[in-house]
Every structure is written in structure tokens, then in C-alpha cells.
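Subject: A structure for you to explore

Hi there,

Here is the structure I promised to pass on. Have a look at it first, and then read my notes below with the model open beside you.

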Amino acid sequence: MNRKVIPSLLALGVSLSLCFTPALAQDEVKIGFIVKKPEQAWFINEQDAATKLGQEKGFEVVRLAGEDGQQVLSAIDNLNSQGAQGFVICPPDVRLGPAIVNRAKQYGMKVVTVDDQFLGADGKPMADVPHLGMSGYKIGRQVGEAIAAEMKRRGWDPQEVAALRISNNELPTAKARTDGATDALLDAGFVKQNIFDAPQQNTDTSSAFAAASPVFSKNGRFEHWVIYALNEESVLGGVRASEQYGLSPEQVIGVGINGSGAAFAEFSRQKPTGFYGTVAVSSTMHGRQSADNLYTWITQDKKPPANTETTGTLMTRDNWQQVRADLGL
């Protein structure tokens, strides 16, 4: 219901309880779905899934980009002008949480996060904002375990292998993932001194490529490399850098995280590359469930759980089509 007509209804003595019957509320529900990288396959899948759910249940989903703080606040203003009751968001910077929540409260909107969780001024997760995302550390351990298993299958000596850790420690979810992978590799006998950081400025392939290239140039004594990062786009940047440096696919094991178009395209290449696999998580489920949680909160006043964590499935060139089907990707 348009908030501007409420005072008029009150003046006429019309009961608000009659205006907010469940059927009417559901007919008028409109939510936003704001993502930080609208061009990435993961976020396209999330928004597609939310939109499809809206069509099934009879509510509207407004798809918006929020690639920086100002764009996010403008998106929220946009949603308010359209009469939206709330929004799902994957923020471009988790530290924007307090500002985003304040703007949402200003408009009386409900907000839930997906993938990346808001941090408060104290640097801790904002538990009052419902969140759905990966268990970053567990997903990371799955990456490390997959790399260790493939190293063993190839007969590589962990003492003689180098690791390229493409890192983004400013993003807590990214750090949790690479920390998990690192711990799993160390548990499998990897040498800590052989893990080399490549800090990236962004979370895409080109940024990872730029970060990775110097690492290979400075550490030419290693014949075998493993590559991991917060997502598969970043791992692919590392793989492309390894190719430019002259390493063959047989010398590289790269394992990403997500399970989206970037991985599908790589697995579809005629010849295998150093991109061995990815821990696939259902972006479709993330988009659908987060939108459904918000819709239920709006229409039934049932606040979603504070934090819901998901894990993933290893997807490789051999099984990617089956995993994709199983996860609805």
C-alpha cells in the first residue's frame, strides 16, 4: 500500500486492518535485489532466481546494481520511490552495513543480506540483519582438500609445490575462504613458506591476472603450482597468468568457488586448462531463498534466521554438467 494514502484513510476512519489483508498485501509486494557485480554470472543467476520466484508467488522483484556506496543508496532511494517494502543486497563493501540499514529504516524497509554479511561499526557481523551465505571457512577447506587430493593423484610432493593465494583480506568472506583453503593444504603437508600472496584490487579475472603475474615471475624455481582465491573468476585470472608465464595445464591445479558461467565456459573448452575445478554452490538457491525469506517477512511478519550458511560440491571437467543439473544452476 502506498504510504502516502494512510493519513487520508485514517482521517476517513477506515480501519487499517481491512486495508492490510494478506491477499492485498501479497498482491502489492515489491522487493529490490541489489548486487555488487551485476555482470558476473553468479549475481545474474541470483537475480534470475528471485525474479522467477516472484512470478510464481505474485510479487515484483526490481533488479538493481550497487557497485559502490553511493550507487547502493541511490538504489534504495529508487526502491522507495517505487513503493518497495524491502530489499535483498550483496553489498560492495560490508562496512557500509550501518549506512544501508539506516537508509532502509528511514523508508520503513526490511533488508536481508546475501553472500556478504554486513559489519557494524565494531567490526562484528550485524546479527540483527538476516543473512544467507556460504560458510566461507568450510567452503575454503573444501577447496584446499580438493587441491590436496588432486596433488596426490598426480604424484606431486607437497614439499616442492608452490601455492598462489589470490587474496582480498579487506573482504571478510574472502579471507575466510582463503584461510580455510590454506589450513587444509597445511594439514595435507604443504609448506607454509611456499604459499605466496597476490593481493587483488577487485574480485574479477583481470584484477587477479594483474596480481598473479609478478608472483610467477619472482618464483620461477617451482615447476608445480596450485591456485586458489575467493571465487572462480579470480582463480581463472591466476590460471591465465600461469599460461602467459609458460606453465602447462599439467603443472597447475586451480580450484575456485561458486559454480557459474565462468567455470562452465572453462570446462567446455576443447582442451583442459589449469583450472581443475570449483566448489559449486547454488547461486540459484541463494537468490531464491533470500528473496523468499524477505517476502515471508513482509507478508507474514516472520523474520528470517540471523545467519544461514551453505556449503558446496566439487565440480570438475568430468562432472560439471551433472553437478550443474543437481544444483539447478
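Let's start with a term you will need: a residue is called buried when its relative accessible area is under 20%, and exposed when that figure is over 50%, with partly exposed in between. Please also keep in mind that this is a predicted model.

**A buried histidine**

With that cut-off, you can place His286 straight away: its relative accessible area is 0%, so His286 is buried. You will find His286 in helix α12. What is His286 in contact with, leaving aside its neighbours within four places in sequence? The list is Trp42, Glu46, Val114, Asp115, Leu132, Gly133, Met134, Val281 and Thr310.

**Two residues with a positive phi**

One of those contacts, Asp115, is worth a second look. Most residues other than glycine have a negative phi. Asp115, however, has a positive value, near 75 degrees. Asp115 sits in the loop between β4 (110-114) and β5 (131-134), and with 6% relative accessibility it counts as buried.

Asn258 also has a positive phi without being a glycine, in this case near 140 degrees. Asn258 belongs to strand β9 (residues 252-258) and is buried, with a relative accessible area of 5%.

**Strand β1 and its partners**

Next, please find strand β1, which covers residues 30-35; 6 of its 6 residues are buried. Which residues lie on each side of β1? Lys30, Gly32 and Ile34 are on one side, while Ile31, Phe33 and Val35 are on the other, and both faces are covered.

β1 is joined to strand β2 (residues 60-65) by 6 bridges, and the two run parallel. In this pairing, Val35 of β1 stands opposite Ala65 in β2. To get from β1 to β2 the chain passes through α4, and this β-α-β crossover is right-handed. β1 also runs parallel to β3, with 4 bridges joining them. Here Ile31 stands opposite Gly86 in β3.

**The nonpolar cores**

In soluble globular proteins, nonpolar side chains tend to be buried together. How many residues does the largest nonpolar core have in this model? The count is 39, and the residues with the most contacts inside this core are Ile31, Val143, Ile147, Met151, Phe190, Val226 and Tyr228. Helix α12 gives the largest share of this core, 5 residues. There is also a second, separate core of 29 residues, which includes Ala162, Phe196, Ala211 and Val235.

**Salt bridges**

The model has 17 salt bridges. Here are some you can look up yourself.

One of them is between Lys57 and Asp292, whose closest N and O atoms are 2.7 Å apart. Lys57 is in helix α4 (residues 41-57) and Asp292 is in helix α12 (residues 283-300), so this pair ties together parts that are 235 residues apart in sequence. Are the two partners buried or exposed? Lys57 counts as partly exposed, at 39% relative accessibility, whereas Asp292 is buried, at 17%.

Another salt bridge joins the side chains of Arg95 and Glu170, at 3.9 Å from N to O. Arg95 is in the loop between β3 (86-89) and α6 (97-106), and Glu170 is in the loop between β6 (161-167) and α8 (172-187), so the pair links parts 75 residues apart in sequence. Both Arg95 and Glu170 are exposed.

A third example is Glu243 with Arg240, where the closest N and O atoms are 2.8 Å apart. Both lie in helix α10 (residues 232-245), 3 residues apart, which is about one turn of the helix. Glu243 is partly exposed, at 35% relative accessibility. This pair also belongs to a network of salt bridges that links Arg240, Glu243, Glu266 and Arg269.

**How confident is the prediction?**

The mean pLDDT of the protein is 91, and 92% of its residues reach 70 or more. Over residues 1-26, though, the pLDDT is below 50; beyond near neighbours in sequence, this stretch has 20 contacts in the model.

Enjoy looking around, and write back with any questions.

Best wishes,
A colleague

Note on methods. Residues numbered from 1 in each chain as written. Predicted model: local features only at pLDDT ≥ 70, side-chain atom pairs only at ≥ 80, totals over all residues. Heavy atoms only, no water. Salt bridge = Lys/Arg side-chain N within 4 Å of Asp/Glu carboxyl O. Buried < 20%, exposed > 50% of the residue type's maximum accessible area, 1.4 Å probe, protein only. Contact = heavy atoms within 4.5 Å. Core = buried A, V, L, I, M, F, W, Y, C linked by side-chain atoms within 4.5 Å. Pairing = 2+ DSSP bridges. Right-handed = clockwise from strand over helix to strand, strands pointing away. pLDDT = per-residue confidence, 0-100.
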